[in-house]
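Let's take a walk through this structure together. Have the sequence and the coordinates open as you read.

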Amino acid sequence: MKITNYVKIHTIKKWTYFILCMLLSMWLAGCGQTQTTQEEKLRDLEFTVVASAEQPETLQEVIEEKKAEGFQICYTKGDYLYLAIGYGTQQTGGYSISVNAVYETENTIVVDTTLIGPETQEAAEAVESYPYVVIKIENIDKTIQFL
């Protein structure tokens, strides 16, 4: 009787392990599919990094309200679309933001930026900073995707 229970428990463990492996395989296969459905780039978009003095006043007010947290803002004014990307509160100064790419796909405008830290500890002021960048592009009516 004890041997029978051992066989049943061992069989249940084997099947549980098998089912978990199958679920993990299906989950991993699903993740691979989402990466291959990314839209193809149609063209790079011309953009301008806009200095604070040249930003629309309403946009500056919104940035001031949200600067402590990370943000991604789209603001339309006339023929232009302003895209503001902020990285929230940083413990020191000396940060910059690299605009890696701004391009159009069939359904979206993709904006890829990177926060770059201070080059050396000496260059970093011991005061909080709120790094952000504002990009101006032509006004295209598409969904914006921030990377």
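Among contacts in the chain between residues at least 6 apart in sequence, what percentage join residues at least 24 apart? The figure is 70%. Keep in mind throughout that this is a predicted model.

Start with the overall layout. The chain has two helices and eight strands, and reading from the N terminus their order is α-β-β-α-β-β-β-β-β-β. Of the 147 residues in the chain, 27% are buried. The exposed surface comes to about 10600 Å², with carbon and sulfur atoms supplying 54% of it.

Now to the strands. An open sheet of four strands has the order 1-5-6-8, with mixed pairing. At its edges stand strand 1 (43–44) and strand 8 (143–146); each has a single partner strand, so one side of each is left without a neighbour in the sheet. Following that order from strand 1, you meet strand 5, and these two pair in the antiparallel sense over two bridges. One residue to look for here is Arg 43, whose bridge partner in strand 5 is Glu 104.

Strand 5 (residues 96–104) is also joined to strand 6 (residues 108–116), by eight bridges, and these two strands run antiparallel. A hairpin of three residues links them along the chain. To follow the register, find Tyr 103, which has Val 110 as its bridge partner in strand 6. Then find Val 102, which is bridged to Val 111 in strand 6. In general, side chains in a regular strand alternate between the two faces of the sheet.

Next, turn to strand 4. Strand 3 (residues 70–77) runs antiparallel to strand 4, and eight bridges join them. Two residues lie between these strands in a hairpin, and Gly 78 in the turn has a positive phi of about 65°. Within this pairing, Cys 74 has Leu 83 as its bridge partner in strand 4. Strand 4 pairs with strand 7 as well, again in the antiparallel sense, over seven bridges; there, Leu 81 is matched with Ile 137 in strand 7. Is strand 4 largely enclosed or largely open? Six of its eight residues are buried, so strand 4 is largely enclosed by the rest of the structure.

With the strands in place, you can look at how side chains gather. The largest nonpolar core has 15 residues, and those with the most contacts inside it are Leu 83, Val 102, Ile 109, Val 111, Ile 135, Ile 137 and Ile 144. Strand 4 (80–87), strand 5, strand 6, strand 7 (132–138) and strand 8 are the elements that give two or more residues to this core. Another core lies apart from it, with eight residues, among them Val 50, Ile 73, Tyr 82 and Ala 84.

Finally, zoom in on Ile 144. Which residues does Ile 144 contact, leaving aside its neighbours within four places in sequence? They are Cys 74, Leu 81, Leu 83, Ile 109 and Val 111. Several of these names should be familiar by now: Cys 74 and Leu 83 are the bridge partners from the strand 3 and strand 4 pairing, while Val 111 is the bridge partner of Val 102.

Notes:
Residues are numbered from 1 along each chain as its sequence is written. This is a predicted model: local features need pLDDT of at least 70, side-chain atom pairs count only at pLDDT 80 or more; totals for chains, interfaces and linings use all residues. Side-chain values use heavy atoms; hydrogens and water are left out. Two strands pair if DSSP finds at least two bridges between them. Buried means under 20% relative accessible area, exposed over 50%, partly exposed in between (1.4 Å probe, protein chains only). Contact means heavy atoms within 4.5 Å. Accessible areas come from the Shrake-Rupley method with a 1.4 Å probe; for residues, only the protein chains shown count as cover. A nonpolar core is a set of buried Ala, Val, Leu, Ile, Met, Phe, Trp, Tyr and Cys residues joined through side-chain atoms within 4.5 Å.
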